[in-house]
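I opened the notebook to go through one chain by its charged pairs, its rings and one of its helices. My entries follow in the order in which I looked things up.

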Amino acid sequence: MNFGTIALIVLLILLLVVFVSSIVVVQQSRAYVVERLGAFRAVWNVGLHIKLPFIERVVKKVSLKEQVADFAPQPVITKDNVTMQIDTVIYFQITDPKLYTYGVEHPMNAIENLTATTLRNIIGEMELDQSLTSRDTINAKMRSILDEATDPWGIKVNRVELKNIIPPREIQNAMEKQMKAERERRESILQAEGTKQSQILVAEGEKQSAILRADAEKQAAVLRAEGEKEARIMAAEAEALAIMKVQQALADSLKLLNESAPNDQVVKLKALEAMQKVADGKATKIIIPSELQGLAGLAASAKTVFDTPDPKAE
């Protein structure tokens, strides 16, 4: 094998290596920024690409996934001059690989410094209590400011979270005492409310008991009255029935007398005798019909005649 053959084989191997190295496969959720002779050429997305050897090169490989940046705690001063340590977590995503590559030098350092200054500005306008209870407001303000500021860098800030807010030790002790006093106050209020509810329930029970007793007495009185009413009705009905029976008996007697064909004078005398029996009561008032008055007088006269002693007998 002569020198020319060896040189040809080496050249072919070099060309094969160069060709193979020129084949670029871009993975999913990634983007490659390509330059040609030092100038921006294109952004390659997922798929197979071939670059020109020694002319084009991949200057930056960018991940398009959402990323998380956890920054170290930053000292901030509140409006009432309390120094706190606050660390933040940022969720961001690269939307334009070209701007991300050429927009700013060291993008992560830029985002960290921007986050620190924005946090100081927002907390500096709040007092301690407000800053401790307004996390959602602080997060929303920081996200809006950072998203607008990082837009020229091809970065979109999706979320900003305050991870920890650490006030000074003396402030923590004061807050613990305040929380303890608040818990004791709530406990006293709950005990007072419990006592109040218990007394209300007892009063309600007594009220219901009194109402039930009064209702029971009312029902008993109504039942007694109903019983007396029923008794009087039954007595009246019995008396009416007795009167009807007496009337029926008198009618039957008159019928028998009519059947025996007595004269009118005898009937009137019988009626008079019956009326005398009825009038045995001292408080009884008898009203004698006019047609019987003459007969009564006649009977009295006859009785006088018959009761008068005979002179001859004496």
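Is D147 buried or exposed? I looked this up before anything else and found D147 buried, with a relative accessible area of 18%, where buried means under 20% relative accessible area, exposed over 50% and partly exposed in between, with a 1.4 Å probe and protein chains only.

Before going on I noted the conditions: this is a predicted model, in which local features need pLDDT of at least 70 and side-chain atom pairs count only at pLDDT 80 or more, while totals for chains, interfaces and linings use all residues. Residues are numbered from 1 along each chain as its sequence is written, and side-chain values use heavy atoms, with hydrogens and water left out.

**Entry: overall figures**

I listed 8 helices and 9 strands for the protein, helices (H or I, at least four residues) and strands (E, at least two) being DSSP runs numbered from the N terminus. Of its 314 residues, 20% count as buried. For the accessible surface I wrote down about 22,700 Å², with 58% of it belonging to carbon and sulfur atoms; the areas come from the Shrake-Rupley method with a 1.4 Å probe, and for residues only the protein chains shown count as cover. I also looked at contacts (heavy atoms within 4.5 Å): among those between residues at least 6 apart in sequence, 62% join residues at least 24 apart.

**Entry: helix α5**

I returned to D147, which forms a salt bridge with R143, the closest N and O atoms being 3.9 Å apart; the term asks for a side-chain nitrogen of Lys or Arg within 4 Å of a carboxyl oxygen of Asp or Glu. Both residues lie in helix α5 (residues 135–150), 4 residues apart, which is about one turn of the helix. R143, unlike its buried partner, is partly exposed, with a relative accessible area of 30%.

I then checked the length of the helix: at 1.5 Å a residue, the 16 residues of α5 should span 22 Å, and the end C-alpha atoms are 22 Å apart, which agrees; the expected span is 1.5 Å times one less than the number of residues.

Which residues of α5 are buried? I found I138, N139, M142, L146, D147 and T150. They cover an arc of only 150° around the axis, which puts them on the same side of α5, the arc being that of the directions from the helix axis to the C-beta atoms. On the other side of α5, D136 and E148 are exposed. The buried residues pack against β8 (83–94), α3, α4 (128–133) and β9.

**Entry: other salt bridges**

How many salt bridges does the structure hold? I noted 9.

In one of them the side chains of R57 and E35 meet at 3.4 Å, N to O. This pair links distant parts of the chain, since R57 is in strand β5 (residues 56–63) and E35 in strand β2 (residues 30–36), 22 residues apart. I recorded R57 as partly exposed at 47% relative accessibility, whereas E35 is buried, with a relative accessible area of 8%.

The side chains of K163 and D70 also meet in a salt bridge, at 2.9 Å, N to O. K163 lies in strand β9 (residues 155–166) and D70 in strand β6 (residues 66–70), so the pair ties together parts that are 93 residues apart in sequence. Here K163 is partly exposed at 42%, and D70 is partly exposed at 44%.

I added that R36, R41 and E56 are linked in a network of salt bridges.

**Entry: helix α3**

I looked up E112, which is found in helix α3 (residues 107–123) and is partly exposed at 26% relative accessibility. Leaving aside neighbours within four places in sequence, E112 is in contact with F71, A72 and Q74. E112 and F71 are 41 residues apart in sequence and 6.7 Å apart in space, C-alpha to C-alpha.

**Entry: aromatic rings**

A search of the whole structure gave me 1 aromatic pair. The rings of F40 and Y102 have their centres 6.0 Å apart and their planes at 85°, so the pair is edge-to-face; rings of Phe, Tyr and Trp (its six-membered ring) pair if their centres lie within 6.5 Å, and planes under 30 degrees apart count as stacked, over 60 as edge-to-face and the rest as tilted. F40 lies in strand β3 (residues 39–44) and Y102 in helix α2 (residues 97–102), so the pair ties together parts that are 62 residues apart in sequence. I recorded F40 as partly exposed at 34% relative accessibility and Y102 as partly exposed at 39%.
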